[in-house]
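Work through the exercises below with the sequence and the 3D structure open. Try each task before reading its solution.

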Amino acid sequence: MNYRFPDIDRLISLYLSHRASESERKELEEWLHASKANQEVFGHLKKVWSMSSQGNYHTGMDRVRDQIWKYGIGHQHRIKVPVQRTVDVCYWSKLAATFLIFLLGAWLFTYLNKEGNGLLPDTAALVERENRAGQRSIHMLPDGTQVWLNAESSLVYPEKFTGTLRMVQLKGEAFFKVAKDQQKPFIVEAAGTKTLALGTAFNIHAYPENDIKIALLEGKVQVQNVGQWAAVPGLPVRFQTAILSPGEELVVYKDNSDFDRGPFNYESVFGWKEGILFFDGVDFACFRSSIEKWYGVKVTVKGTPPADWHIRARYQHEDLRHVLRDICFNKDIKFKLEDKNVQITF
């Protein structure tokens, strides 16, 4: 790790996308002057960045893609440095990998947005997997990628991945453990976001009533959000991008398309795929929605839920009656369970 410039990856990204402030440009220049190796890394990334804006899918994509994945993800590339300097070569390889993913993503996303016809090829035979409320399932995609699909969710993907990309569409929530393929990046489209990966594991929460959340367990992914800007006629498409590292969760707010990132609680994000129903201080509306999705029931309410309702609880493979009995005892309320109907009385 370069402790003197811990945020250099972000600085290079801002500079290449023409969004760096004057102070950020000066900090980048200081980093460049620090060593010949820094200049070589920057020159390589700048060259690939320049390539990513040229050509089109048919004439340029394979060449750009192959170079990016070969040097960035394959970890075959090593920066040559003067023998009198001590440089963490592994660090530079990781830095190059991060930004080559970013450069590839920028190029791919520009192409996909320009096409405007969605991700999945029109000629491909498509497979759709759908879960109703109360159902969860596991699926194996044609490339060996494993997908855990949550309740009230659907996944659409080609019967066979062809061409240079592996692309799927998600509604709801799913956990992806992507099979590694350096020649074919994996892209998930969900609620106006596109998540680019190679071989990695991540969770996407994209129910229409909630903010979008993308959490990375291992590997590295790039996320792009077009959101509401793409729907404004006559205006150029604007988008935000972000690269996630393991342990980070990205939140895309549905009301303004802004990004926010931070650490996550493992069981809160990934627990559902292990049969864990987790409440981390949620309000009654969220509690009600979670119960309906998890158990496939309809919850009706008598009375008025308190505004300060905050429930913290964890259940693993528990039946609905036990959960309701526990919650209602702690909140001093009553419930009635009949078939697929739950009545809660305040």
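**Exercise 1. Locate H317 and state in which loop it lies, what sign its phi has, and whether it is buried or exposed.**

Step 1. H317 sits in the loop between β16 and α8. Helices (H or I, at least four residues) and strands (E, at least two) are DSSP runs, numbered from the N terminus.

Step 2. The phi of H317 is positive, about 55 degrees, although H317 is not a glycine. Most residues other than glycine have a negative phi.

Step 3. The relative accessibility of H317 is 65%, so H317 counts as exposed. Buried means under 20% relative accessible area, exposed over 50%, and partly exposed in between, with a 1.4 Å probe and protein chains only.

The model used here is predicted: local features need pLDDT of at least 70, side-chain atom pairs count only at pLDDT 80 or more, and totals for chains, interfaces and linings use all residues. Residues are numbered from 1 along each chain as its sequence is written, and side-chain values use heavy atoms, with hydrogens and water left out.

**Exercise 2. Describe D339 and G303 by loop and by exposure.**

Step 1. D339 belongs to the loop between β17 and β18. Its phi is near 55 degrees, a positive value in a residue other than glycine.

Step 2. D339 has a relative accessible area of 71%, so D339 is exposed.

Step 3. G303 lies in the loop between β15 and β16 (311-316). With a relative accessible area of 52%, G303 is exposed.

Step 4. G303 and T345 are 42 residues apart along the chain, and their C-alpha atoms are separated by 6.0 Å.

**Exercise 3. Give the strand order of the open sheet that contains β15, β18 and β17, and find which helices pack on this sheet.**

Step 1. The order is β15-β18-β17, and the pairing is mixed. Two strands pair if DSSP finds at least two bridges between them.

Step 2. β15 (298-302) and β17 (334-338) are the edge strands, each pairing on one side only.

Step 3. Direction ignored, neighbouring strands of this sheet are turned by 20 degrees against each other on average. Axes are lines fitted to C-alpha atoms, for helices over the stretch in contact, and angles run from 0 to 180 degrees between N-to-C directions.

Step 4. β17 and β18 (residues 341-345) run antiparallel and are joined by five bridges. In this pair K334 stands opposite T345.

Step 5. α7 packs on the sheet and touches β15 and β18, and its direction makes about 145 degrees with that of β15. Contact means heavy atoms within 4.5 Å.

Step 6. Helix α8 (residues 320-331) also packs on the sheet, touching β17 and β18; the direction of α8 makes about 170 degrees with that of β17.

**Exercise 4. Explain why β6 is described as largely enclosed, and name its partner strands.**

Step 1. Strand β6 covers residues 186-190, and four of the five are buried, so β6 is largely enclosed by the rest of the structure.

Step 2. β5 (residues 166-177) pairs with β6 in the parallel sense over four bridges. M167 is opposite I187 of β6.

Step 3. β7 (residues 193-197) pairs with β6 in the antiparallel sense over five bridges. The bridge partner of F186 in β7 is A197.

Step 4. β6 and β7 form a hairpin with two residues between them, and A191 in the turn has a positive phi of about 50 degrees.

**Exercise 5. Repeat the analysis for β12.**

Step 1. β12 spans residues 248-252, and four of its five residues are buried, so β12 is largely enclosed by the rest of the structure.

Step 2. β9 (residues 212-218) runs antiparallel to β12, with four bridges joining them. I212 stands opposite V252.

Step 3. β13 (residues 259-263) is also antiparallel to β12, joined by five bridges. L250 has R261 as its bridge partner in β13.

**Exercise 6. State what the chain holds as a whole.**

Step 1. The chain has eight helices and 18 strands.

Step 2. Of its 346 residues, 46% are buried.
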